[in-house]
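Please look over the sequence and the structure below before reading on. The paragraphs that follow lead from one part of the chain to another.

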Amino acid sequence: QKMPPSLPATINIREPRWDQSTFQGRAKHFFMVTDPRNLLLSGATLEEARRVVEDYRAGTVHPGLTEDQLWRAKYIYDSAFHPDTGEKMILVGRMSAQVPMNMTITGCMLTFYRTTPAVVFWQWVNQSFNAIVNYTNRSGDAPITPSQLGTAYVSATAGAVVTALGLKSLTKHLPAILGRFVPFAAVAAANCINIPLMRQRELKLGIPVTDENGNRLGESTAAAQKAIFQVVVSRIGMAVPAMAIPPVIMNMLEKRAFLKRYPYLNAPLQVGLVGLCLVFATPLCCALFPQKSSMPVRSLEPEVQDQIQKKDPWLETVYFNKGL
């Protein structure tokens, strides 16, 4: 029996499997990255994937390894280990936890929006989760201090709660359907506060910029600003279908006899609808911008431009990990 041909050591698994210059390619990539089934993988499976990936990058090809197995190992590795630091990420902070965690939290925010204690509680839960996600998926390898972490967390939670309560009081005399959109406005406002604050170190010190081959050229705050802006837009986009479509459907259903007869089905239905939206919205909104983002050298800070000019005077574009 013939052995299968050995896999060449030239496949670039530092990059995604699909063309990241197209939206379709990025969408396929993020459907793999955000797959909730990755959360069920054992520690042994994760370590085996890490071993396969790190050995392959070092030039060692495991006997019998196929290309599909290699890419599977790469996506398992990417789902659990930070791209810049290589550290294993907190379980609930991983992108594969986005759909199950967000469908539960968002479903409850949309169900229990009528009383002030419920609004405060679920906005606090949501911002606690967001703080973990933003910290876990930050760009670069610079650590964030506990005081910076605390400031970002408190500011975002306060911003979300104040926005939610302020809008809730404004909608008291308006149609009931408008009250259902208060959680979305609060989440959008909190994202604009939470993400920049959680990644403030990047805004102060910059994030690593590289050439096309991944050679580090320096740290840029201009790249950090672009990265954080893209992540804020993606996160707000992610929340739009999940927080805009279910309220309209639930408003219609609550007028029917079925939900009046079985009111306990309100929360499960809401969570299910949110989950259905998030399964598609999460990867598609992550795919709005390439993970390995780029910008012209001329758009960087003058001192970083000078630094790059000395290393490679002909370089026109730099690349950076935007975070998630």
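**Rings, helices and strands**

With a relative accessible area of 40%, the tryptophan W124 is partly exposed, since a residue is called buried under 20%, exposed over 50%, and partly exposed in between. This description comes from a predicted model, and every value given here has been computed from that model. F121 also counts as partly exposed, at 41% relative accessibility. Both residues belong to helix α5, which covers residues 116-136, and because F121 and W124 are three residues apart in that helix, about one helical turn separates them.

Where else do aromatic pairs occur, and how many does a search of the whole structure find? The search finds four aromatic pairs. One of them joins Y77 and F81, whose ring centres are 5.0 Å apart and whose planes meet at 20°, so this pair is stacked; the reasoning rests on the cut-off that planes under 30 degrees apart count as stacked. Y77 is buried, with a relative accessible area of 8%, and F81 is buried as well, at 1% relative accessibility. The rings of F121 and W124 also form an aromatic pair, but a tilted one, with 5.9 Å from centre to centre and 45° between the planes. Together with W122, the residues F121 and W124 make up one aromatic cluster.

Aromatic rings may also have a charged side chain over them. K74 lies over the face of Y75, at 5.5 Å from the ring centre, and in another part of the chain K292 lies over the face of Y319, at 5.0 Å from the ring centre.

K292 leads to the strands, for this lysine is listed on the uncovered face of strand β3, residues 292-296, along with S294 and P296, whereas S293 and M295 are on the covered face. In a regular strand the side chains alternate between the two faces of the sheet. Strand β3 runs antiparallel to strand β4, residues 317-321, and five bridges join the two strands. Within this pairing, P296 has T317 of β4 as its bridge partner.

A further antiparallel pairing is made by strand β1, residues 207-210, and strand β2, residues 216-220, over four bridges. Here P208 stands opposite E219, which belongs to β2. The hairpin of β1 and β2 has five residues between the strands, and in this hairpin G214 takes a positive phi near 90°.

Helix α8, which covers residues 182-198, allows a simple check of length. At 1.5 Å a residue, the 17 residues of this helix should span 24 Å, and because the C-alpha atoms at its ends are 24 Å apart, the model agrees with that expectation. The helix nevertheless has a bend of about 25° at A190. Many of its residues are listed as buried, among them P183, A186, A190, N191, I195 and M198.

One residue of α8 deserves a separate look. V187 is found in this helix and is buried, with a relative accessible area of 5%. Although V187 and N126 are 61 residues apart in sequence, their C-alpha atoms are 8.3 Å apart in space.

A second residue of the helix, A188, gives another comparison of sequence with space, this time with T60. T60 is found in the loop between α2 (43-57) and α3 (67-80), and at 44% relative accessibility T60 counts as partly exposed. The C-alpha atoms of T60 and A188, which are 128 residues apart along the chain, are separated by 46 Å.

The last stop concerns the cysteines. How many disulfides does a search of the whole structure find? The search finds zero disulfides. C285 is in no disulfide, and the cysteine sulfur nearest to that of C285 belongs to C286, 7.6 Å away; a disulfide would need the two sulfur atoms within 2.5 Å. C285 is buried, with a relative accessible area of 12%. For C286, which is likewise in no disulfide, the nearest cysteine sulfur is that of C285, at 7.6 Å, and C286 is buried too, with a relative accessible area of 3%.

Technical notes
Residues are numbered from 1 along each chain as its sequence is written. This is a predicted model: local features need pLDDT of at least 70, side-chain atom pairs count only at pLDDT 80 or more; totals for chains, interfaces and linings use all residues. Side-chain values use heavy atoms; hydrogens and water are left out. Rings of Phe, Tyr and Trp (its six-membered ring) pair if their centres lie within 6.5 Å; planes under 30 degrees apart count as stacked, over 60 as edge-to-face and the rest as tilted. Buried means under 20% relative accessible area, exposed over 50%, partly exposed in between (1.4 Å probe, protein chains only). A charge sits over a ring if NZ of Lys or CZ of Arg is within 6 Å of the ring centre and within 35 degrees of the ring normal. Two strands pair if DSSP finds at least two bridges between them. The expected span of a helix is 1.5 Å times one less than its number of residues. The bend at a residue is the angle between axes fitted to the seven residues ending there and the seven starting there.
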